Amino acid sequence: FRENFLHLLNFENDIVVCERTKQVRNKYKYKLTHISSFFAVRNNSEPVKLFLESWVDEMLKIKGHPVMDPALSELMRTHQFDFEITTVKDDLFSLTTRKPDINKFNKCKIFHMKSDVGRLTIESRIQNLLDYDQSQT
């Protein structure tokens with residue numbers, strides 16, 4: 001966590017989903033519009049429970065791995081919901097760029113190192129963050 005981000009969320013709505021700034025297709029040709037690693041439920045209502053059940057059902061239909069992001073993306077694309085959704089952009093939580101970009105770095109509130117593009121070790125992901133720090137001087 002780099003800095004507090006709670007002021008960016010609408011706590012009046014029922015769920016929070018994270019939308020990709022750049023939509024991509026994975027190797028199984030699923031269009032990925034959302035990331036599931038930043039998802040929150042505020043209101044445990046019946047419509048939200050049905051949404052979660054539908055998400056699990058959708059995961060069972062997904063070919064390959066991982067299944068959570070493609071399933072969430074499909075659900076968000078194909079369903080209408082009876083509850084309120086807060087959508088946040090992934091660039092607040094994910095810093096995925098091969099070259100240090102100080103503007104993206106400064107905007108990011110959480111460093112989600114699981115999806116650090118092209119860096120396969122924790123050490124290389126940490127070094128990437130150190131490179132950002134050095135690029136500011």
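**Close-up 1. Glu19 and Lys89 form a salt bridge, their closest N and O atoms lying 2.8 Å apart.** This pair links distant parts of the chain, since Glu19 belongs to strand β1 (residues 15-25) and Lys89 to strand β3 (residues 85-89), 70 residues apart. The model shown here and in the views that follow is predicted. Glu19 is partly exposed, with a relative accessible area of 22%, and Lys89 is likewise partly exposed, with a value of 37%. On the β2 side, Glu19 stands opposite His34. A search of the whole structure finds five salt bridges, and two further examples are drawn in the next two views.

**Close-up 2. Arg20 forms a salt bridge with Asp69, with 3.4 Å between the closest N and O atoms.** Arg20 lies in strand β1 and Asp69 in helix α2 (residues 68-78), so the pair ties together parts of the chain that are 49 residues apart in sequence. Arg20 counts as buried, at 15% relative accessibility, and Asp69 is buried as well, with a relative accessible area of 15%.

**Close-up 3. Glu58 and Lys61 form a salt bridge within helix α1 (residues 46-61).** The closest N and O atoms of the two side chains are 3.7 Å apart. The two residues are three apart in the helix, which means that about one helical turn separates them. Glu58 is buried, with a relative accessible area of 12%, whereas Lys61 is exposed, with a relative accessible area of 56%.

**Close-up 4. Strand β1 pairs with strand β2 in an antiparallel arrangement and with strand β3 in a parallel one.** Six bridges join β1 to β2 (residues 31-41), and the two strands form a hairpin with five residues between them. In the turn of this hairpin, Lys29 has a positive phi of about 75°. Five bridges join β1 to β3. Among the residues facing one another across β1 and β3, Val17 stands opposite Thr87, and the bridge partner of Cys18 is Val88.

**Close-up 5. The side chains of strand β3 alternate between two faces.** In a regular strand the side chains alternate between the two faces of the sheet. Along β3, Thr86 and Val88 point to one face and are buried, while Ile85, Thr87 and Lys89 point to the other face and are not buried. For Lys89, the relative accessible area of 37% places the residue in the partly exposed class.

**Close-up 6. Ile15, Phe51 and Trp55 touch the most other members of the largest nonpolar core, which has 15 residues.** The elements that give two or more residues to this core are β1, α1 and α2. Apart from this core lies another one, of 10 residues, among them Leu9, Cys18, Ile35 and Phe38. When residues up to four places away in sequence are not counted, Ile15 touches Phe39, Ala40, Val41, Val48, Phe51, Phe83, Glu84, Ile85 and Thr86.

**Close-up 7. Leu8, in the segment before β1, makes contacts with residues far along the chain.** Leaving out residues up to four places away in sequence, Leu8 touches Val88, Leu92 and Lys109. The C-alpha atoms of Leu8 and Leu92 are separated by 9.3 Å, although the two residues are 84 residues apart along the chain. At 32% relative accessibility, Leu8 counts as partly exposed. Its contact Val88 is one of the buried residues of β3.

**Close-up 8. Ile122, Ile126 and Leu130 make a nonpolar surface patch of about 270 Å².** Ile126 lies in helix α4 (residues 122-135). With a relative accessible area of 41%, Ile126 is partly exposed; patch members need over 30% relative accessible area, so the value for Ile126 satisfies that cut-off.

Conventions
Residues are numbered from 1 along each chain as its sequence is written. This is a predicted model: local features need pLDDT of at least 70, side-chain atom pairs count only at pLDDT 80 or more; totals for chains, interfaces and linings use all residues. Side-chain values use heavy atoms; hydrogens and water are left out. Patches are made of residues with over 30% relative accessible area and no salt bridge: like charges are joined within 9 Å, nonpolar side chains (Val, Leu, Ile, Met, Phe, Trp, Tyr) within 5 Å. Accessible areas come from the Shrake-Rupley method with a 1.4 Å probe; for residues, only the protein chains shown count as cover. A salt bridge is a side-chain nitrogen of Lys or Arg within 4 Å of a carboxyl oxygen of Asp or Glu. Helices (H or I, at least four residues) and strands (E, at least two) are DSSP runs, numbered from the N terminus. Buried means under 20% relative accessible area, exposed over 50%, partly exposed in between (1.4 Å probe, protein chains only). Two strands pair if DSSP finds at least two bridges between them. A nonpolar core is a set of buried Ala, Val, Leu, Ile, Met, Phe, Trp, Tyr and Cys residues joined through side-chain atoms within 4.5 Å. Contact means heavy atoms within 4.5 Å.
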